[in-house]
Amino acid sequence: MRDDLVGLRDQATALAAGAVSARELVGAALDRIQATQSTLNAFRRLRPQAALAEADAADRRLGAGERLPLLGVPIAIKDDTDLAGEPTAFGARGEFPPQQADSEMVRKLKAAGAVIVGKTNTPEFGQWPFTEGPAFGVTRNPWNLDHTPGGSSGGAAAAVAAGLVAAAVGSDGAGSVRIPAAWTNLVGIKPQRGRISSAPVSEQFNGLTTFGPLALTVGDAALLLDVLSGSAPVDRARPPAPDEPFEAAASREPRRLRIGLSLKIPYSGMAASLDPSVRDAVEKVGVTLTELGHEVVLADPAYGLLGVTFLPRSLEAIDDWAHRVPDPRLLDGRTVANARTGRVLRPLLLAARGAEPMSRWRIGQVFRSVDVLLAPTTAVPPPLVGELNRPTNWETDHAIVAACPFTWPWNVLGWPAVNVPAGLAPTGLPLGAQLMGPANSESLLISLAAQLERSQRWYERRPGQRTGAAPSAA
């Protein structure tokens with residue numbers, strides 16, 4: 001890829017100026033994807049003919065003077081999202097029928113002129129923070145192919161980090177955008193619940209999951225969030241519109257903030273500890289924020305037993321998805337067990353949802369003394385492929401809680417959070433930190449993240465620049 005056309009905004013601007021054609025960009029993206037499928041394995045589905053036809057149509061529209069935010073720009077989406085003419089397998093095995101209609105999120109992408117080149121890999125029903133499974137194999141981290149990019153939006157993160165596409169849309173139900181963003185040196189935004197429509201359904205995973213952008217820069221992620229934002233009548237959650245475009249928030253300085261540094265691991269009933277390299281990286285982000293003029297203090301939210309309300313919501317949704325597959329006999333044994341537990345816990349679903357306002361009040365008390373929280377995104381650097389993928393649910397759950405105990409509470413609350421790159425571990429692999437806010441605080445978080453980015457310039461770190469890292473696929 002040309003060095004000046006790496007970013008989403010770079011590509012959109014070049015297309016509008018006539019400096020490059022959509023066919024060139026889309027064709028080059030497809031070539032990069034196909035060249036790396038045997039190693040990186042980021043995509044479950046490619047649509048080369050349809051994407052090139054859409055690129056040609058975009059070139060005609062550009063030539064006629066039409067301008068849209070992403071007209072002709074190649075984009076990837078996760079394979080949990082309905083795209084007309086393509087199956088939605090969500091990481092599962094089987095012959096899934098093509099979808100008859102686009103989801104609302106895909107409709108918005110197309111309305112902005114984006115060309116969807118394919119659908120990226122995700123573990124079965126997005127259950128795990130690694131991207132491996134018998135339906136598609138192993139998706140690997142472009143920083144080092146021996147390691148996982150995380151999950152469940154691991155294919156999307158790998159595709160952006162490797163330069164296959166400039167940005168992608170993932171989904172985050174317990175950290176599934178933020179975790180792979182942390183492990184691949186990307187910006188990943190989990191927006192406020194309902195900020196991006198779940199239509200045609202009223203919500204995803206009983207309100208735990210929302211779509212979110214993955215990009216190299218805060219500005220690119222904010223641009224994509226602007227394109228995707230907006231509610232539909234069917235949506236259960238409909239947050240108020242922001243006061244300004246998110247891309248505008250990324251271009252201005254935030255006010256002086258009081259930022260709470262929290263290294264506390266939310267209780268989830270399983271053992272977890274913070275790796276020293278991650279602790280050091282997050283604390284250095286705190287030092288940088290202090291140097292930028294903010295006040296950083298220690299502050300921990302009162303998480304309590306929030307995890308008790310997470311399980312009925314997540315596992316009931318697994319049972320729902322398990323009934324959508326063409327052949328349930330092909331499901332992972334762990335999925336079958338989780339679906340069974342989800343059926344048992346279904347009577348508790350109403351109570352779990354009912355506890356949310358009190359949880360918001362209790363945890364939200366921390367925002368009476370600070371404006372934003374700074375916390376680790378994961379507890380460890382990127383694990384080796386297979387390290388988290390254990391034979392049984394008991395073993396897998398212990399492994400994934402030990403690696404990724406920090407992100408899920410904000411899914412229960414429905415509040416926004418942003419992963420920002422936090423440097424590299426001694427092994428040369430990326431680490432991340434998350435900026436977490438109260439309801440409808442995306443603009444504040446984006447503005448702060450962009451200020452950090454101007455100081456740290458993390459987008460200049462690319463795979464292949466450190467010994468032992470895999471060559472960049474770009």
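**View 1. Helices H9 and H16 cross in this predicted model.** Helix H9 (residues 276-291) packs against helix H16 (residues 442-456) at an angle of about 95°, and their axes are 11 Å apart. H9 and H16 are therefore roughly perpendicular to each other, because angles of 65 to 115 degrees count as such. On the H9 side, look for Val285, Thr288 and Leu289; H16 brings Leu448, Leu452, Ser455 and Gln456 to the contact. Sorted by class, the residues where H9 meets H16 are four nonpolar, three polar and no charged.

**View 2. Helix H4 packs against helix H7.** Here the angle between H4 (residues 104-111) and H7 is about 110°, with the axes 8 Å apart. That makes H4 roughly perpendicular to H7. Met105, Lys108 and Leu109 of H4 meet Leu224, Val227 and Leu228 of H7. The residues of this contact of H4 with H7 comprise five nonpolar, no polar and one charged.

**View 3. The largest nonpolar core contains 98 residues.** Leu8, Leu70, Met105, Leu109, Leu374, Leu435 and Ile446 have the most contacts inside this core. Helix H7 (residues 218-228) gives the core its largest share, eight residues. A second, separate core has 34 residues, among them Ala89, Phe205, Leu345 and Ile363. Back in the largest core, zoom in on Met105: leaving aside neighbours within four places in sequence, Met105 is in contact with Ile77, Thr81, Val169, Ile196, Ser197, Phe211 and Leu228.

**View 4. Leu8 is a buried residue of helix H1.** H1 covers residues 8-17. The relative accessible area of Leu8 is 0%, and since buried means under 20%, Leu8 counts as buried. Not counting residues up to four places away in sequence, Leu8 touches Leu70, Val73, Ile75, Ala166, Ala167, Asp220, Leu223 and Leu224. One of these, Val73, is 65 residues from Leu8 in sequence, with 7.5 Å between their C-alpha atoms.

**View 5. Trp128 and Phe130 form one of nine aromatic pairs in the structure.** The ring centres of Trp128 and Phe130 are 5.7 Å apart and the planes lie at 0°, so the pair is stacked. Both Trp128 and Phe130 are buried. For a tilted pair, turn to Phe310 and Trp408, with 5.8 Å centre to centre and 55° between the planes. Phe310 belongs to helix H10 (residues 307-322) and Trp408 to the loop between helix H14 (393-403) and helix H15 (409-413), so this pair ties together parts 98 residues apart in sequence. Phe310 and Trp408 are buried as well.

**View 6. Phe125 combines a positive phi with a place in an aromatic cluster.** Its partners in the cluster are Phe90, Phe205 and Trp321. Phe125 is not a glycine, yet its phi is about 55°. You will find Phe125 in the loop between strand S3 (115-120) and strand S4 (132-133), where Phe125 is buried at a relative accessible area of 1%.

**View 7. Asn440 also has a positive phi.** The value for Asn440 is near 60°. Asn440 sits in the loop between strand S13 (430-436) and H16, and at 34% relative accessibility Asn440 counts as partly exposed.

**View 8. Two cis peptide bonds are shown here, from Gly151 to Ser152 and from Ala199 to Pro200.** Most peptide bonds are trans. Omega is near 10° for the bond from Gly151 to Ser152, and Ser152 is in the loop between strand S5 (137-138) and helix H5 (154-161). For the bond from Ala199 to Pro200, omega is near 20°; Pro200 lies in the loop between strand S7 (187-190) and strand S8 (210-215).

How values were computed. Residues are numbered from 1 along each chain as its sequence is written. This is a predicted model: local features need pLDDT of at least 70, side-chain atom pairs count only at pLDDT 80 or more; totals for chains, interfaces and linings use all residues. Side-chain values use heavy atoms; hydrogens and water are left out. A nonpolar core is a set of buried Ala, Val, Leu, Ile, Met, Phe, Trp, Tyr and Cys residues joined through side-chain atoms within 4.5 Å. Buried means under 20% relative accessible area, exposed over 50%, partly exposed in between (1.4 Å probe, protein chains only). Helices (H or I, at least four residues) and strands (E, at least two) are DSSP runs, numbered from the N terminus. Contact means heavy atoms within 4.5 Å. Axes are lines fitted to C-alpha atoms, for helices over the stretch in contact, and angles run from 0 to 180 degrees between N-to-C directions. Angles under 35 degrees count as roughly parallel, over 145 as roughly antiparallel, 65 to 115 as roughly perpendicular and the rest as oblique. Ala, Val, Leu, Ile, Met, Phe, Trp, Tyr, Cys and Pro count as nonpolar, Asp, Glu, Lys and Arg as charged, and the others, Gly among them, as polar. Rings of Phe, Tyr and Trp (its six-membered ring) pair if their centres lie within 6.5 Å; planes under 30 degrees apart count as stacked, over 60 as edge-to-face and the rest as tilted.
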